[in-house]
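Got the viewer open? Let's walk through this one stop at a time, with something to select at each.

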Amino acid sequence: MTAFYVSMFVLGIVTSVHCVSMCGPMVVTYAVKGDDHDSWRSRLVPNAAYQGAKLVSYVLVGLALGAVGSFFSIDGIRPYVMAVAGLFMIAMGLGMTGKIRWAAHLTPRPPKMLVGLLRRLRRKADTEADAGTSSLATPIAFGLATGLMPCAPLQAAQVAAVATGSAPGGGIAMLAFGLGTAPLLFGFGTASSLLPQNLRRRVMTALAVVVIVFGAVYLNRAAMLLGSPVTFDSVKQAVFGGSKASTSVSGYTIGADGVVEVPIKIIDTAYIPSTVQIPADKPVRLVVDRQESGACSDQLALPQLGILVDLAPNAVTKIDLPATKAGNYTLTCGMGMMSGQLVVVPATD
C-alpha cells in the first residue's frame with residue numbers, strides 16, 4: 001500500500017504545475033501583498049495558511065470519499081468498483097487532452113454554490129490586495145474550498161480515494177496528493193508571473209497521461225481480483241517469458257494428515273516464490289509465512305477458486321485448497337496489488 005501512497009504523492013507533484021496555472025492568480029493576490037517593510041516571514045504566513053487549510057480540505061474530502069468507498073468494498077463487488085474507477089479515470093484523462101470531446105463531458109461539474117463561493121473569495125482577495133490589508137480568513141477559506149475545486153487531476157485523485165475502500169485510506173491518499181502539490185505552489189506564492197500558455201498545454205497533456213496510467217493500474221487490479229487471463233503480468237510473461245517455479249511437486253512437505261503442504265513467504269509485499277507448482281486433483285495446504293504487517297498483504301486471494309483468506313501479521317496461516325484441475329491460477333492480495341501464480345500440474349504418481 002505504501003507504493004500507492006507514493007504514487008499519489010508523485011501525482012500531486014506533477015499536478016502542482018497545473019495548480020500554478022489554475023490557483024496561481026489567487027495565491028499571488030494574497031501572498032505578495034503587504035507593506036514593503038514587512039519581513040519575508042510575515043509575507044509567507046498567508047501562503048502557509050492557505051497550504052495548511054488546503055491539506056485539511058483534502059484530508060476531509062478523502063476521509064469522506066474513502067468512507068463512501070468502504071460501502072462498496074465488499075469482497076464480491078470490490079473488483080467491479082475498481083474497474084469502474086479505472087475506466088472513469090481513463091475517460092477523464094482522455095478528456096483532459098482536449099481532443100476527445102465526449103470524454104471531456106464526463107468530468108463532473110461543480111455546483112453553482114461552490115462556483116459562487118470561489119468567485120466571492122477571488123473578489124475579496126483582490127479587494128484586500130488593493131487595500132494593502134492582510135486578513136488570514138481569505139487564504140484559509142480559499143484553502144478549505146480547494147478540496148472541491150472543479151479540477152480534473154484533483155477529481156482523478158478523489159476517484160482513487162474512493163477506490164481505497166476505507167476512510168483512513170482515502171484520507172491518507174488525499175494527504176499524500178496534497179503534500180505533492182504543496183512545494184511548487186508554495187514557491188509560486190512569492191512570485192507574480194504565470195506559466196506561458198504553451199507550457200500549460202504541455203503540462204495538461206502530461207497530466208492526462210498520468211491519469212490514464214492510474215486508470216490502467218486500477219483496471220489491472222480489477223483484472224487480478226477477477227482472475228482474468230489478461231493482466232499486466234500475463235502480457236509481460238507472454239512477451240518476456242515467465243518465471244519458473246522455485247520448487248518441484250516432489251519437494252513439498254507431506255503433512256501428518258497426508259495433505260501436500262506448500263510453503264509461501266510474504267516479504268516486502270511480495271510472494272516468495274512468486275510462482276509455485278502444486279499437484280492437480282489432490283488437496284493442498286498453503287503454508288503462508290507472512291513476515292510483515294502492511295495493509296496490502298493482509299489477505300490472500302485465489303479468484304478462480306473463490307478463495308479469499310485473512311492473513312495474520314508476522315505469523316503463519318494455513319490455507320486448505322480443494323483438489324484442483326490442472327492449469328494456471330492467479331495469486332494476489334485482497335486489493336489486487338500483489339502478483340503471483342499458482343501452477344497446477346498433473347500428478348506424477
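**Stop one: strand 2**

Select residues 260–266, which is strand 2: this strand is mostly covered, with five of its seven residues buried. Buried here means under 20% relative accessible area, exposed means over 50%, and partly exposed is in between (1.4 Å probe, protein chains only). Helices (H or I, at least four residues) and strands (E, at least two) are DSSP runs, numbered from the N terminus.

Before going on, some housekeeping: this is a predicted model, where local features need pLDDT of at least 70, side-chain atom pairs count only at pLDDT 80 or more, and totals for chains, interfaces and linings use all residues. Residues are numbered from 1 along each chain as its sequence is written, and side-chain values use heavy atoms, with hydrogens and water left out.

**Stop two: the neighbours of strand 2**

Which strands pair with strand 2? Two strands count as paired if DSSP finds at least two bridges between them. Add strand 1 (residues 253–254) to your selection: strand 1 and strand 2 pair in the antiparallel sense over two bridges. Look for Ile-254, which stands opposite Val-260 in strand 2. Strand 1 and strand 2 form a hairpin with five residues between them, and Gly-258 in the turn has a positive phi of about 85°.

Now bring in strand 3 (residues 271–272), which runs antiparallel to strand 2 and is joined to it by two bridges. Click on Lys-265 and you'll find its bridge partner in strand 3, Ile-272. This hairpin has four residues between the strands, and Asp-268 takes a positive phi near 55°.

Finally, show strand 5 (residues 284–290). Strand 5 runs parallel to strand 2, and seven bridges join them. Val-260 turns up again here, with Val-284 as its bridge partner in strand 5.

**Stop three: a salt-bridge network**

Stay on strand 5 and show side chains. Side chains of opposite charge can pair when their charged atoms come close. The cut-off for a salt bridge is a side-chain nitrogen of Lys or Arg within 4 Å of a carboxyl oxygen of Asp or Glu; by this rule the count comes to two.

Pick Arg-285 and Glu-261: they form a salt bridge whose closest N and O atoms are 2.9 Å apart. That pair links strand 5 to strand 2, with the two positions 24 residues apart in numbering terms. Next, pick Asp-320, whose side chain meets Arg-285 in a salt bridge (2.7 Å, N to O). Asp-320 sits in strand 8 (residues 315–321), 35 residues apart from Arg-285. Together, Glu-261, Arg-285 and Asp-320 are linked in a network of salt bridges.

Buried or exposed, what is Asp-320? Asp-320 counts as exposed because its relative accessibility is 52%. Arg-285, at 11%, counts as buried, and so does Glu-261.

**Stop four: a nonpolar patch**

Swap to a surface view and select Val-45, Val-56, Leu-60, Leu-63, Leu-136, Ile-140 and Leu-144, which make a nonpolar surface patch of about 540 Å². Patch residues have over 30% relative accessible area and no salt bridge; like charges are joined within 9 Å, and nonpolar side chains (Val, Leu, Ile, Met, Phe, Trp, Tyr) within 5 Å. Areas come from the Shrake-Rupley method with a 1.4 Å probe; for residues, only the protein chains shown count as cover.

Helix 2 (40–70) and helix 6 (137–146) each supply at least two residues of the patch, and helix 2 gives the most, with four. Leu-144 lies in helix 6 and is partly exposed, at 43%.

**Last stop: zoom out**

Deselect everything: the protein has 10 helices and 10 strands.
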